[in-house]
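Dear colleague,

Please find the structure below, for your files. My notes on what was found follow it.

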Amino acid sequence: MILLVDSYCGTMDATIAHLLPIFLFLLKDDFPDVRLNIISKLDQANQVIGTDLLSQSVLPAIVELAEDRNWRVRLAIIEYLPLLASQLGVNFFDDKLGALCIQWLQDKVYSIRDAAANNLKRLAEEFGPDWAMQHIIPQVLEMIDNPHYLYRMTVLRAISQLAPAMGPEITCSKLLPVVISASNDRVPNVKFNVAKVLQSLIPIVDHSVVENTIRPCLVELNEDPDVDVRFSANQAIQGIDHVMMSS
């Protein structure tokens, strides 16, 4: 519909006059399926509307939908965000949307938190490690002290997603120490995920870091009272041994 309207109207002024009011109205429809359908066409709308008008008229509606009561709508917005970021550019994104990316990490719905962690990885890939160090990493790492263990687990998930985009130096200096400290968490589920994250970091960091930092932490977790923590730690240790034998 969006591209057809643009072809029919012929000019940008006509497109604005005919398309944009309908588009904005449907973004606020009472039925979530309607909102979801419109969100799925946002990339096509960008081609018609253009970046300037997108930022002025459509973006406020998108920000509002980021807190939609229906979690599927929030999820659709998250999945669309990296494309929007690439079109709007880093400066505008920082000003309008940066806070939402961190906010989603504390959503009450697991699927939203998981998608938010993946979203951070895609944004770090889009804007680069220096941008991520300034706008993402500090806020994410602060959440490791959140009193709710589910949010602490989300931080670990975000670290595992971000590490490949950040590279070995930042991973070793900023991300790995947070994971190591989380190995002392009082909640077994958190420690279980610590072992999984440490295993995911093995291909990213230097072998000396694996042997001197990651392995000792896993060996300690392998003595944990919780059977699932021990299992996860043992799997990670086997992963290290396999890498070392292959190198």
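Overall fold and contacts

Of the contacts in the protein with a separation of 6 or more, 66% are between residues 24 or more positions apart. Please note that this is a predicted model. The protein has 16 helices and zero strands. Of its 247 residues, 49% count as buried. The exposed surface comes to about 12200 Å², with carbon and sulfur atoms supplying 53% of it.

Confidence

The average pLDDT of the protein is 86, and 86% of the residues score at least 70. By helix, confidence is highest in helix 14 (residues 188–201), at a mean of 98, and lowest in helix 1 (residues 2–9), at 46. The pLDDT is below 50 over residues 1–10, a stretch that nevertheless has 15 contacts in the model beyond near neighbours in sequence. Where pLDDT is low, the predicted coordinates should not be read in detail.

Nonpolar core

In soluble globular proteins, nonpolar side chains tend to be buried together. Here the largest nonpolar core has 81 residues, and the members that touch the most others are Phe93, Trp104, Ile136, Ile214 and Leu218. Helix 13 (residues 149–182) gives this core its largest share, 14 residues. Leaving out residues up to four places away in sequence, Leu218 touches Ala195, Leu198, Ala233, Ala236, Ile237 and Ile240.

Ser232

Ser232 belongs to helix 16 (residues 227–246). With a relative accessible area of 4%, Ser232 falls under the 20% cut-off and therefore counts as buried. Outside its neighbours within four places in sequence, Ser232 has contacts with Phe192, Ala195 and Lys196. A polar atom of the Ser232 side chain lies 3.0 Å from the backbone oxygen of Phe192. Ala195 is thus listed for Ser232 and also for Leu218. Asn222 is ten residues from Ser232 along the chain, and their C-alpha atoms are 8.0 Å apart.

Cysteines

How many disulfides does a search of the whole structure find? The count is zero. Two cysteines can be set side by side on exposure. Cys101 has a relative accessibility of 3% and is buried, because that value is under 20%. Cys172 has a relative accessible area of 25%, which lies between the 20% and 50% cut-offs, so Cys172 is partly exposed.

Regards

Methods:
Residues numbered from 1 in each chain as written. Predicted model: local features only at pLDDT ≥ 70, side-chain atom pairs only at ≥ 80, totals over all residues. Heavy atoms only, no water. Helix = DSSP H or I, 4+ residues; strand = E, 2+ residues; numbered from the N terminus. Buried < 20%, exposed > 50% of the residue type's maximum accessible area, 1.4 Å probe, protein only. Contact = heavy atoms within 4.5 Å. Polar contact = N/O pair within 3.5 Å; in protein donor to acceptor, adjacent residues only side chain to side chain. Areas by Shrake-Rupley, 256 points an atom, 1.4 Å probe, with all protein chains shown as cover. Core = buried A, V, L, I, M, F, W, Y, C linked by side-chain atoms within 4.5 Å. Disulfide = S-S within 2.5 Å. pLDDT = per-residue confidence, 0-100.
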